[in-house]
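Here are a few exercises to work through with the coordinates open beside you. Try each task before reading its solution.

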Amino acid sequence: MNDPGSTVPAATPRLDPDASGLAEAAALLRGGALVAFPTETVYGLGADATDPAAVARIFAAKERPRFNPLIAHLPDPDSAAAEGVFDGPARRLADAFWPGPLTLVVPAHSGTRVCDLARAGLPSVALRVPAHPLARALLSAVDRPVAAPSANRSGRVSPTRAAHVLDDLAGRIAAVLDGGDTPVGVESTVVACLGGPPRLLRPGGITRAALRAVLGHDPARPEAADADRPAGPGMLASHYAPRARVRLDATRIAPGEAALLFGAHHPEGYALACAALNLSPAGDAEEAAARLFGALRELDASGAATIAVAPIPSEGLGEAIRDRLARAAAPR
Ligand code: TXA
Ligand code: MG
């Protein structure tokens, strides 16, 4: 990158998850550099959310085609509360799920420190208090909101370990804080609380059933005005995409395809697959979510032209898994 404020070494170092690694990561972030760090969902590509120049570096490093709004990460619910205006449902959801894999889109507080670029000029702000201990320690040390999309190049599969981050972004970011594998494996659930009924903008690590238990009803569907409104079926924006074509709900595997399996029942012909991985032989959606993005990267590396995915039920985290796979399968 040719921008003077950035500190990007030729090779991106991995920082150990200890006091000195955390101190270095925090100092880099406070200085405006980009640092990838683990959350319980996926690795985030962090930048000081109060500094538009730092936030702009995120879009450059990811090669994002447009400035979509980013999630601001805070170390605890009190510091998140200072950035937004929480109505009753937002407060109940925050109380129930923070720290954790939930992002709340709320009206921005008049005194919010999250800059306009991180909010894509919207009057709302997306806030998240992650549960990962390294993320919380880092956010406390930075002592400012940290904007962080998933730490992959735009349109690629989200990273669930430091090596995935380096595959996509080595040489483009100042460092990656290595916290090992991320336990949840799919991104946070995004819920908009902007007056009126809360709307589910993106399924993720908190299930619909868990939201329902707190709200007393199902979250509403997104509206046309929502920044992250999913397009209709067949029009899903291509996202989370491996190089291979992705074929969903495959009940038979063609010879030479790579197979992504789930549960004990295998599609016909899977023995002739050029590579096969089972997300969860026991049919457990949580285990499958944790393995999803790593498995897509691994099967992609087999060189197969197509990854055929066995049917995965949409209960629990299955909804988020199916959402990500549908985006991976969408026309590019
Ligand atoms: O688990 C996660 O959420 C990860 C980790 C790193 O925290 N982050 C992540 O960020 O997935 P990203 O940028 O890939 O997704 C952010 C989502 C997008 O779908 C974006 O449109 C939505 O949040 N979003 C952010 N601000 C919004 C706003 N003001 N209104 C509506 N949607 C918003
Ligand atoms: Mg992403």
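**Exercise 1: the whole chain.** What radius of gyration does the chain have, and what would a compact globule with 332 residues have?

Solution. Before starting, note that this is a predicted model, in which local features need pLDDT of at least 70, side-chain atom pairs count only at pLDDT 80 or more, and totals for chains, interfaces and linings use all residues. Residues are numbered from 1 along each chain as its sequence is written, chains are lettered from A and ligands numbered from 1 in the order in which they are written, and side-chain values use heavy atoms, leaving out hydrogens and water.

Step 1: the globule rule is 2.2 Å times the number of residues to the power 0.38, with the radius of gyration taken over C-alpha atoms. For 332 residues this gives a value near 20 Å, and the 19 Å of the chain agrees with it.
Step 2: along the principal axes, the C-alpha atoms fill a box of roughly 60 × 50 × 35 Å.
Step 3: buried residues (under 20% relative accessible area, 1.4 Å probe, protein chains only) make up 54% of the 332 residues.

**Exercise 2: the sheets.** Find the order of the strands in the sheet of 10 strands and in the sheet of 4 strands.

Solution. Step 1: the chain has 9 helices and 14 strands, taken as DSSP runs (H or I, at least four residues; E, at least two) and numbered from the N terminus.
Step 2: strands pair if DSSP finds at least two bridges between them. The open sheet of 10 strands has mixed pairing and runs S1-S8-S2-S3-S7-S4-S6-S5-S9-S10. Its edge strands are S1 (14-15) and S10 (199-202), each pairing on one side only.
Step 3: the open sheet of 4 strands is parallel, in the order S11-S14-S12-S13. S11 (245-247) and S13 (275-278) each have a single partner strand, so one side of each is left without a neighbour in the sheet.
Step 4: look at the parallel strands S12 (residues 258-261) and S14 (residues 306-309), joined by 3 bridges. Here alanine 258 stands opposite isoleucine 307.

**Exercise 3: threonine 41.** Is threonine 41 buried or exposed?

Solution. Step 1: locate threonine 41 in the loop between S2 (35-38) and S3 (43-48).
Step 2: its relative accessibility is 2%, so threonine 41 counts as buried.
Step 3: list its contacts (heavy atoms within 4.5 Å). Beyond neighbours within four places in sequence, they include Pro101, Thr160, Val184 and Glu187.
Step 4: the side chain of threonine 41 also makes a polar contact with that of arginine 128, at 3.4 Å. Such a contact is a pair of N or O atoms within 3.5 Å; within protein, one must be able to donate a hydrogen and the other to accept it, and residues adjacent in sequence count only if both atoms are side-chain atoms.

**Exercise 4: an aromatic pair.** Which geometry do phenylalanine 86 and tryptophan 98 adopt?

Solution. Step 1: rings of Phe, Tyr and Trp (its six-membered ring) pair if their centres lie within 6.5 Å; planes under 30 degrees apart are stacked, over 60 edge-to-face, and the rest tilted. The count comes to 1 aromatic pair.
Step 2: the phenylalanine 86–tryptophan 98 pair is edge-to-face, with 6.0 Å between centres and 70° between planes.
Step 3: the partners are 12 residues apart. Phenylalanine 86 is buried at 13% relative accessible area, and tryptophan 98 is buried at 7%.

Definitions and conventions
Buried < 20%, exposed > 50% of the residue type's maximum accessible area, 1.4 Å probe, protein only.
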